Amino acid sequence: MGLTKTYKDGTTPTVCIIGAGFSGMCAAIRLQTQLNLDTYTIFELEPELGGTWWSNTYPGCACDVKSINYQFSFEPNYEWSKTYAGQQEILEYQRRVAKKYNLYEKIRFRTEITHAEWREELQQWVLDWTNWNTGETGQMFADIVFSGMGPLRIPQIPKQFDAFEGPKWHTAQWNHDYDLTNKRIAVVGSGASAIQVVPAIVDKVKKLEFYQRSATYIVPRRNTNNSALWKFLFKYVPFVHLLYYKLTYWASESTIRAFSTKWQHTPTRRIAMFLAWSYRFWQIRDKELRKKLTPNYILGCRRIVVSSDYFPALAKKNVSVHTARITDVKGTTLTLSDGSQQEVDALVLATGFHTQDILSEGLLTGKNGHDIMKVWGQDPKTYYGITSAETPNMFFLLGPNTGLGHNSVLFMIETSCEYAIMAIAHMMEKDLSSIQATPKACKDFVDEVEEKMKGMVWSSDCKSWYQNEQGKVTALWWSTCTHYWWRLRKFRHQHFVGIQRSTSRTYAL
Ligand SMILES: Cc1cc2nc3c(=O)[nH]c(=O)nc-3n(C[C@H](O)[C@H](O)[C@H](O)COP(=O)(O)OP(=O)(O)OC[C@H]3O[C@@H](n4cnc5c(N)ncnc54)[C@H](O)[C@@H]3O)c2cc1C
Ligand SMILES: NC(=O)c1ccc[n+]([C@@H]2O[C@H](COP(=O)([O-])OP(=O)(O)OC[C@H]3O[C@@H](n4cnc5c(N)ncnc54)[C@H](OP(=O)(O)O)[C@@H]3O)[C@@H](O)[C@H]2O)c1
């Protein structure tokens, strides 16, 4: 039986989608294609869609899962130029898909949702928006909201670098006007962004001062060009693309065991650690440098990065790798805890993102007038990262505990989206004005994740953006993508309560 596409009176809910990155795009496309619903509006803060791939334009920016997996399953791209496509190509893919589904005409660019409030008496969300081009403000009344605001979006700029008096910028806000040629450049941070930036700029700059607080596990990246023959086979020979897509997906899924700390998975993890160790040994001949770049924590606890040019770049003569803490920043000089000082021309901050406080206080007011950020703090209580007991009719995409350390998050976005679509269809079928997850269903999910995380490397003794300040892993799903999909393949009405449109009475579903 197909999904119900309208209420009994033939109407459809009004939907607000916040954000036009992969999440917002997926929500819009699925509403159109699965529910034939076009009563939606997308609000996008920036002047273009793309989200991550619009804002991160730093040299070397590319995806770190194979491109064939970093695309919507329903929109295969046969034209990826490489195994791991670059930022521009991913953005082009997003634009192409958006044009195909006419998303541009649904997006209100440069328009930020500044506040969203659930109004029980209306059974609607009231969303305040501001257009930053015109200064115009207004409100939208929406029956349903999709929140696709992105977990890796707000640059984290440590206060100590405010004192730097030369040009400085974060990797997500790359300064393309600054010519790096023959300059002395400082790069702070050693996560995935820095690991892509350093090889891309090393040959241009005169001196690269690299500041690493903790080393990262690196595995090799074979980034080959997709030949014309491959593209032809993908496009014209039945199942070739699908087969390759599935093989790549399952290859990534199979690596999940390396992230488990259970005794039966120890050999897999040890083999993976040995491979990372041999790769480091093979790529860096200098013993001192190798020691500096050797992580002191269990593999996978922080994001593993794929790169074949990072170690060779750090071994170049014009690079100094500093592992002492930066204790002082004055003028354009950085002073370290070992007493050394480096004067530089510009500062690149590859210092990551605010991941725990993306919902700023005052942004979301849920049921009973509660500020969601205050209710959750750094410990979100959601139902599979998709919705919560405090936010009726609101669906989060790439929400808490839906990130991954081993595969493409686009699968998670799509799966969450499918579930939200089933929930909306259910609402229309049962003539409900609102639907919300029960507190028990949310608690069961959060408790289960916490318990299962005890057997995974992400909660071992290291600090990463996956965790909140108390060390609890709030960003990641604990298992395979397939497991997530299996749990969400059917809408489980017993985990929700709803309100009938006509009577305003609450029902267990
Ligand atoms: C440099 C980089 C590389 C990455 N590489 C990979 C990878 O290789 N593989 C992988 O699986 N993941 C990767 N990720 C994670 C990546 O963020 C996700 O894969 C995906 O792009 C997230 O899409 P999204 O739509 O959920 O969020 P985003 O892409 O962040 O989009 C969110 C959008 O919402 C808008 N927005 C936010 N708040 C508001 C508001 N209040 N009002 C209006 N609009 C708003 C933003 O402007 C933005 O356009 C990477 C992340 C970064 C930073
Ligand atoms: N496709 C890709 O390859 C790709 C590229 C970029 C980003 N991403 C995604 O985005 C996530 C974030 O990556 P990211 O590299 O931007 O951020 P990140 O992984 O959080 O790394 C931030 C780095 O900055 C360092 N740092 C932070 N504050 C510092 C300070 N005050 N002084 C010195 N160092 C400081 C951190 O050190 P500590 O480690 O010691 O805290 C860390 O090395 C990734 O995990 C990945 O999911 C993917």
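These are my notebook entries on what I looked up in this structure, which is a predicted model.

**Entry 1: ligand 1**

I began with the surroundings of ligand 1, where I found 31 residues, and those that come nearest are Gly19, Gly21, Gly51, Cys63 and Gly150. I then checked which elements give two or more residues to this shell, and they are helix H1, residues 22–35, and strand E4, residues 111–119. H1 supplies the largest share, with 3 residues. When I sorted the shell around ligand 1 by class, I counted 15 nonpolar, 11 polar and 5 charged residues.

**Entry 2: the partners of strand E4**

As E4 had come up beside ligand 1, I followed this strand to the strands that it pairs with. E4 runs antiparallel to strand E5, residues 124–131, and 8 bridges join the two. Looking along this pair, I noted that His115 stands opposite Asp128 in E5. E4 and E5 form a hairpin with 4 residues between them, and in that turn Gln123 has a positive phi of about 60°. I also found that E4 is joined to E18 by 2 bridges, and here the strands run parallel. On this side Ala116 has Leu364 of E18 as its bridge partner.

**Entry 3: ligand 2**

Around ligand 2 I found 23 residues, of which Asp64, Gly189, Gly191, Arg213 and Gly352 come nearest. Helix H4, residues 192–201, gives the most to this shell, with 4 residues. By class the shell around ligand 2 holds 12 nonpolar, 8 polar and 3 charged residues. I wanted to know where ligand 2 lies with respect to domain 1 and domain 2. Both domain 1 (15–154 + 355–508) and domain 2 (159–225 + 231–349) give residues to the shell, so ligand 2 lies between them.

**Entry 4: the largest nonpolar core**

Next I looked up the largest nonpolar core, which has 133 residues, and the ones with the most contacts inside it are Met25, Val187 and Val198. Helix H11, residues 409–430, provides the largest share of this core, with 13 residues. The core also draws at least three residues from each of domain 1 and domain 2. I took Val198 for a closer look and, leaving out residues up to four places away in sequence, I found that Val198 touches Val187, Leu208, Phe210, Tyr310, Ala313 and Leu314.

**Entry 5: an open sheet**

I traced an open sheet of 5 strands, which follow the order E3-E2-E1-E7-E21 with parallel pairing. Its edge strands are E3 (107–108) and E21 (394–396), each of which pairs on one side only. Strand E2, residues 40–43, pairs with E3 in the parallel sense over 2 bridges, and Phe43 has Arg108 in E3 as its bridge partner.

**Entry 6: two positive phi angles**

Finally I looked up two residues that have a positive phi without being glycine, namely Asn368, with about 60°, and Tyr384, with a value near 50°. Asn368 lies in the loop between strand E18 (364–365) and helix H10 (372–376), whereas Tyr384 lies in the loop between strand E19 (382–383) and strand E20 (387–388). Is Asn368 buried or exposed? Asn368 counts as exposed, because it has 9 C-beta neighbours inside 10 Å, and the limit for exposed is 12 or fewer. Tyr384 counts as buried, because it has 25 such neighbours inside 10 Å, and the limit for buried is 20 or more.

Note on methods. Residues numbered from 1 in each chain as written. Chains lettered and ligands numbered in written order. Predicted model: local features only at pLDDT ≥ 70, side-chain atom pairs only at ≥ 80, totals over all residues. Near = placed C-beta within 6 Å. Nonpolar A, V, L, I, M, F, W, Y, C, P; charged D, E, K, R; others polar. Core = buried A, V, L, I, M, F, W, Y, C linked by C-beta atoms within 7 Å. Domains from an automatic or database assignment. Contact = placed C-beta atoms within 7 Å. Pairing = 2+ DSSP bridges.
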